[in-house]
Every structure is written in structure tokens, then in C-alpha cells.
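Please report on the fold, the main pocket and the backbone outliers of this protein. Keep it brisk.

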Amino acid sequence: MDVELRIKRFNPEVDRSAHWATYWLTAEPSDRVLDLLHQVKWFRDGTLTFRRSCAHGVCGSDAMVINGRNQLACSVLVRNAGSQISVEPLRGMPVVKDLLVDQEGFWEKYRGALPFLVNDEIPEDGLERRQSPEDRALYEDTSRCILCAACTTACPVFWTNPDYVGPAAIVNAHRFIFDSRDTAHEERLELMADADGVWRCRTVFNCVEACPRGINITRAIMEVTRAIGERG
């Protein structure tokens, strides 16, 4: 099928502002938007810049705005996107070049959520920290985050307040706050209780719609908020 692919391009070395470039391509309905970008980069214009790694919806590297929605380029099929497809960089982050954005602020907030297990206690049997299926289920949903930044860059609060910790950081804090093996949940709750933490969420559900893993991010934010309130 014939596809009209519009890419929002920006090269800081030569452009004063971003502009749209249009490419007419031939593709199979089962091709992905990522395949179209490869066509352009490999055969039309090698200067096109974008992130991608595994190309199987696991690494989260190729999150971008496709037809107005935050999605993974490797997961959107041409037959679902249509014969006219627009691709833009994620919103709310500085554009380095073309579809490549500077994510350092995103990673800084992620690291600030202490996204790792904290426990210096020796297990009773000296071998492992056991956990019941019921306790594991408490953070099953948030453990599936692939850090694509689609949720955070779909959030209108993030667009207007760069200090907001953002949905992705809260999701990864949730994953360990509700892990029965972790001993730093109080410290994480304190971090999330900051003025630019969970209280900034306006519950518009953009993050839920944007998440390629189907995580109920708003519910996770509400659970962290409830846990903060229950500290007494």
C-alpha cells in the first residue's frame, strides 16, 4: 500500500525551528511505523535521527507521537495507522534532533524515586527473601513498566511544570513501595509526598491511554497517595 509519511524534523545546526518533511513510501499493511522510518533513513535520507533498540516493544526506546498519540513505533502497524501517518518527537522534552529528545530530566526523576530493592537484612534461611503470591500481586501491574516515557510526556501537568516528578517515576516508586521485601518504602513515600510529587496529578488519564504496556497508572498514583495519607 502507498503511505504518505510526515515527519517533524529539526536539525539545530541548520534549522531555526522544526518543520514537516513528507515522504511517499510503499509498505505492507503488516509493516510497522518503525519500518517506515527505517525506509527513510536507510534509502532516502540518512540524516534522519531517532531512537530504537530491540524493535519488539520491550525496550521502550522508540516512543514518539504517532498520529497525535504517544506510541511505540515498533508496535504500531501501518494497516492500523492508515495511509497518512504523522510522526513527531515526544512532547515536553527538549528536541536534540528530529525525533530524538533529551531525556536526562526524565531519568533524573526516575533515579530520584529509588527504583531498586533496599534491604540489608539477612533472610531467615540465609538464602532468599520469600514473598507470597498475594504480596507479589500488589505490584504486578507496575512491575511491567519499560520506561518509554510515553506516560510522562502525555501528561499536561508535566508539560506545564517540569518539576513534576511525573507518572513514570511514581509508577516505579509504587513498584517498590508495595514490595513486602523492601525496607525503604517510608523514604519513598516521603519523596512522593513532595509538593511536586503525587499531589500534582490531576487524574486526566492521559498516562493510562499512552502506556503501551496497559498499566493502570492512575490507580497506581492513587494507591501511593492513599499510602501517604495512611502514614498517620
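The report below covers the sheet, the helix across it, the pocket and two backbone angles.

This is a predicted model, in which local features need pLDDT of at least 70, side-chain atom pairs count only at pLDDT 80 or more, and totals for chains, interfaces and linings use all residues. Residues are numbered from 1 along each chain as its sequence is written, and side-chain values use heavy atoms, leaving out hydrogens and water.

**Sheet.** Five strands form an open sheet in the order E2-E1-E5-E3-E4, and the pairing is mixed. Helices (H or I, at least four residues) and strands (E, at least two) are DSSP runs numbered from the N terminus. Two strands pair if DSSP finds at least two bridges between them. Strand E2 (19-26) and strand E4 (69-72) each have a single partner strand, so they stand at the edges with one side left without a neighbour in the sheet. On average, neighbouring strands are turned by 35° against each other, direction ignored. Strand E1 (residues 2-9) runs antiparallel to E2, and 8 bridges join them. Asp2 has Thr26 in E2 as its bridge partner.

**Helix across the sheet.** Helix H1 (residues 33-44) lies across E1, E2, strand E3 (63-66) and strand E5 (84-88). H1 runs at about 95° to E2. Contact here means heavy atoms within 4.5 Å. Axes are lines fitted to C-alpha atoms, for helices over the stretch in contact, and angles run from 0 to 180 degrees between N-to-C directions.

**Largest pocket.** The largest pocket holds about 150 Å³ of space. A pocket is an open set of points on a 1 Å grid over the protein atoms alone, where a 1.4 Å probe fits, with protein on both sides within 12 Å along at least five of seven lines; lining residues have an atom within 4 Å of a point. Grid points are joined across faces, edges and corners, and the volume is the space filled by probe spheres set on the points. Among the lining residues are Glu108, Lys109, Asp163 and Met192. Helix H3 (104-112) and helix H7 (185-192) are the elements that give two or more residues to this lining. H3 supplies the largest share, 3 residues. The lining divides into 4 nonpolar, 2 polar and 5 charged residues. Ala, Val, Leu, Ile, Met, Phe, Trp, Tyr, Cys and Pro count as nonpolar, Asp, Glu, Lys and Arg as charged, and the others, Gly among them, as polar.

**Positive phi.** Two residues other than glycine are tabulated here.

| Residue | Phi | Loop | Relative accessible area |
|---|---|---|---|
| Leu114 | near 55° | between H3 and helix H4 (133-137) | 16% |
| Ala149 | near 75° | between H4 and helix H5 (156-160) | 2% |

Leu114 is buried, and Ala149 is buried as well. Buried means under 20% relative accessible area, exposed over 50%, partly exposed in between (1.4 Å probe, protein chains only).
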